Amino acid sequence: MKIVICVKQVPEITNVRVNPETGTLIREGVASILNPFCEYALDHAVKLKAANPEIEIIAVSMGPPQAVSALLRCLELGADRAVLVSDRKFAGADTWATALTLAAVIRKAVPDADLILVGKQAIDGDTAQVGPEIAEILGMAQIMYGVEMSLTPNRKRIRVKREVESGYEVLEARLPALVSASKGEVLRRMPSLADVLSARRKELQAVTAADLDLSENELGLAGSYTQVVKVFPPAPKQGGRKVENLEPAAAANEIAAFLKSEGYVG
Amino acid sequence: MYEIKSHITEAAEFEKIRRVDGFRNITAEFPAYLTDESKFSCQPFDLLFFPKSEAELSAVMGEMARRGIKVTIAGARTGLVGGCVPNQGALVSLENLDRVLALYYDNPSTEWRLKAQCAVSLRAIAAQLAAKSIPDIERCADGLTMLEMDRFRQDPDSYFYPPDPTEMSASLGGTVATNASGARTFRYGPTRDWVRAIRVMLANGEFLDLPRGKYFASPGGEFTVTDTAGNDYPVRIPTYRSPRTKNTAGFFSAPHMDLVDLFIGSEGAFGVITEVTVALLKHTPKISVVQFLASDDDAIALVQALRVDPRIRLDFLEMYSGTAIDLLRDRQRRDAKTVGTPPIPASARSALFFELDFDPTAREVAMEALDAAVRSCGASLADSWAAYEGRELERLKNFRHILPETINATIAERKKQHPGLHKLGTDLAVPDERLADMWAVYQDALAGAGLEWAAFGHIGNNHVHINIMPRDMADLQKALGLYQMFAEKAVAFGGSVSAEHGIGKLKAKFLKTMFSPAEIEEMRAVKRALDPNWLLNPGNIFEE
């Protein structure tokens, strides 16, 4: 049984600032990490493997050559092998072109994938589109925002507890299927030094545009329907109103009157 | 050369220097200046000064000398032995001498150097070097200094200042005055090893400029300082030899010693360090590892195995005793999110924490020697945590900080029942070959006394902090007795009573455990020669 996990390398978002003049992200000195939601997805794959040891976990990432470090992290945390999808021709890909490319990679490199796991979104773009698009392109069922996953005893279906607005629901899908992972109650793991060393001996396959059955106008910028026109930070929040220098009862009245006048309470 | 002349700078007008008069005002307006990280209580003092320049400092020192008022010097007040807590007279806070002065490449030694005033913090140095941006230099108008800065920026490598005492808000001058050390002292030595020059103001308000490698003790063990009025101050260096361990007890002494070394670690006994030049080191990527083991004895054996193999080069080597692991496990059970690491393996009964060079992009990483050492102690690299990305390193750092924090919280809780209670943390170091002996002393005594304790810290330097957590006042009395016994044993093993915290006012009595009355008299003679009226830092090192 094979699980493909699609991962993305992202800037460590807590440190990212926007250049106020150009409106672009300042990436200098910002570390690149494995997208946290991708790490949670990998965590589910590793748990499924612990219950079903014959599972093979294959990590796939599309990105510049340095995205290999995100794949190495996957190999340290339990992936069995990895595929780096990297080519200048992929540059500028929007979510559609990315999904099309990744789907083509899966068809080519892991045609017998039973389950595709993705993070619910990447913390840089926050689009949450690539996973569902891959499922559509490959024509398989998809379940989003999973926090618990298990295979049914005959291993023909995946059962997923997923987050919904009002709480959780449990869904099952016939395999092959695509599931995205939310954070849930994951306590992040940490590889051992033995894991770090053995990750560097695991198979790491390189895939370029020439390896895929896609035409050039389906790749990168040419294959993209959308383009980012501008990136800018949201306007800073205005400071709220402070009720000061009043007796507690008077202050409470003041706040209650404000809440009523603004329609927050009846 | 063993003769050196002091010189003067123009002194500022004394009355214009910012100061606070009277203990009542100081207490009301500047309570933070009444103590330091030791929480040791001060005695009433009358004056608090904030000089902004060497000229102002010189005016303060000159005036205090004329009036015969004793002066305590404060840096960032991060010390643990009350060194900057006044017991009389005046307190001079150096906090405004906080400019980075230069960054330059020293051709003869082929190293980058940083020159800064004494109050620049280690955190500021670390951040500015990492960003390759030093605002003080970028603002200065000096062409040559800016040129060097450009050269530094264009250097493809990055650089750091290796000494790493846990408290990064410490001031550079303070760390030189105390010869501060930290985890990375294991590989890079203490502050002393990185100081290339200092500028010191003596008690009489005159300066000494002391580059390393210029002034050495005469064959007879003497230096002579001559002031601008032509008076000679002959200094005879002590005849004792400093222990072969990390040490901050007593003045440094060695045959033909460099005069700069007399001032480093002297806890301000001879002068005020106003400027410091330090060497920087090229940064290389590292991996941090917490290696779990089945017992403390296995951990001690692994320390020895790691130290003897020249193929293994660790930056630091720290220990968590079995009792410390139990505390952390308990904390994890109650509050897994705060600890932020996966569960500690059930089989772990001790752990070592170390760091070594590691290129994360390399496809082949050889660690056979480390693997063999770990296996020889009955453990496996599979029973470890490893981190090399910034945020992952932070998780391990947090894991390390959570232990003292947990101990302090436990004591704070018990203090509610027994207000006189406090924790007892040792600061003893012994030479490499006595590590197992010292560990046996600790284990036997602590087990026999039925005390609650945890050990952690710089085991690579045979300098592990034993933290005793007394449950009541009877426990505290037992613990105090053990501390004295431990100190005597450490000295008998050729070690130090104060490996890194210094003597200050809190540990003056331990100096007598380590040095004979004659040796302490030799130290007093040096103090007398350089500060004849005992004006500087009264109560430090020598009990009054």
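## A nonpolar patch on the surface

In this predicted model, Phe258(A), Tyr264(A) and Val265(A) make a nonpolar surface patch of about 310 Å². One member of the patch, Tyr264(A), is located in the segment that follows helix H6 (248-261) of chain A. Tyr264(A) has a relative accessible area of 60%. Because a residue counts as exposed over 50%, Tyr264(A) is classed as exposed.

## Salt bridges in the structure

Over all chains, a search of the whole structure finds 71 salt bridges. Three of them, each within chain B, are described below.

## Lys52(B) and Glu56(B)

Lys52(B) is joined to Glu56(B) by a salt bridge, in which the closest N and O atoms are 3.7 Å apart. The two partners fall into separate classes of accessibility. Lys52(B) is exposed, with a relative accessibility of 52%, whereas Glu56(B) is buried, with a value of 11%. The class of Glu56(B) follows from its value because buried means under 20% relative accessible area.

## A pair within helix H10

Where do Asp326(B) and Arg329(B) lie in chain B? Both residues belong to helix H10 (residues 322-334). They are three residues apart in this helix, so about one helical turn separates them. A salt bridge links Asp326(B) with Arg329(B), and its closest N and O atoms are 3.3 Å apart.

Asp326(B) is partly exposed, at 33% relative accessibility. Its partner Arg329(B), at 14%, counts as buried.

## A pair that ties together separate parts of chain B

Arg414(B) and Glu452(B) also form a salt bridge, with 2.6 Å between the closest N and O atoms. Arg414(B) is part of helix H13 (residues 390-415) of chain B, while Glu452(B) is in the loop between helix H14 (435-449) and strand S20 (453-458). The pair therefore ties together parts of the chain that are 38 residues apart in sequence.

The relative accessible area of Arg414(B) is 17%, and this residue is buried. Glu452(B) has a relative accessibility of 23% and counts as partly exposed.

## A network across chains A and B

Which residues are joined into one network by salt bridges that share partners? From chain A, the network contains Glu39(A), Arg73(A), Glu76(A), Arg188(A) and Arg200(A). From chain B, Glu389(B), Arg391(B), Glu392(B) and Arg395(B) belong to it. The network thus holds residues of both chain A and chain B.

Technical notes
Residues numbered from 1 in each chain as written. Chains lettered and ligands numbered in written order. Predicted model: local features only at pLDDT ≥ 70, side-chain atom pairs only at ≥ 80, totals over all residues. Heavy atoms only, no water. Patch = residues over 30% accessible without salt bridge, like charges linked within 9 Å, V, L, I, M, F, W, Y side chains within 5 Å. Areas by Shrake-Rupley, 256 points an atom, 1.4 Å probe, with all protein chains shown as cover. Salt bridge = Lys/Arg side-chain N within 4 Å of Asp/Glu carboxyl O. Helix = DSSP H or I, 4+ residues; strand = E, 2+ residues; numbered from the N terminus. Buried < 20%, exposed > 50% of the residue type's maximum accessible area, 1.4 Å probe, protein only.
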